[in-house]
Amino acid sequence: MNRTRRTLEEAAVECRQYVVAGMHCEHCEAAVREEVSAVAGVESVEVDLETKRVDVTGGPLDDAAIRAAIEEAGYEAA
Ligand SMILES: [Cu+2]
């Protein structure tokens with residue numbers, strides 16, 4: 001067990017939250033998930049259709065690239 005290394009790895013993980021108002025069904029969710037998942041650094045994408053929230057985890061995360069990916073899927077991130 002190497003505690004120091006583990007701590008550094010955990011510190012590199014960040015989570016960003018977006019609200020994507022146009023999502024209304026599983027097709028929308030899949031489209032956003034697919035585009036955002038393809039962004040460098042992204043490890044997981046959680047979509048909540050009810051609250052229109054998209055939680056992106058990974059690191060380092062590029063906010064502009066994630067927003068561009070959401071737009072690429074046909075939606076707009078707030
Ligand atoms: Cu839809």
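**Strand 3 and its neighbours in the predicted model**

In strand 3 (residues 53-58), side chains point alternately to two faces: Val54, Val56 and Gly58 lie on one face and are buried, whereas Arg53, Asp55 and Thr57 lie on the other and are not. A residue counts as buried if 20 or more other C-beta atoms lie within 10 Å of its own, with C-beta atoms placed from the backbone. Strands are DSSP runs of E with at least two residues, helices are runs of H or I with at least four residues, and both are numbered from the N terminus.

The model is predicted; local features need pLDDT of at least 70, side-chain atom pairs count only at pLDDT 80 or more, and totals for chains, interfaces and linings use all residues. Residue numbers start from 1 along each chain as its sequence is written.

Strand 3 pairs with strand 1 and with strand 2, where pairing requires that DSSP finds at least two bridges between two strands. Strand 1 (residues 14-19) runs antiparallel to strand 3 and is joined to strand 3 by six bridges; Arg16 has Val56 as its bridge partner. Strand 2 (residues 42-48) is also antiparallel to strand 3, with six bridges, and Glu46 stands opposite Asp55. Strands 2 and 3 form a hairpin with four residues between them, and Lys52 in the turn has a positive phi of about 60°.

The protein chain contains three helices and three strands, in the order α-β-α-β-β-α from the N terminus. Of its 78 residues, 24% are buried. Among contacts (C-beta atoms, placed from the backbone, within 7 Å) with a separation of 6 or more, 59% link residues 24 or more positions apart.

Note on methods:
Buried ≥ 20, exposed ≤ 12 C-beta atoms within 10 Å, placed from the backbone. Contact = placed C-beta atoms within 7 Å.
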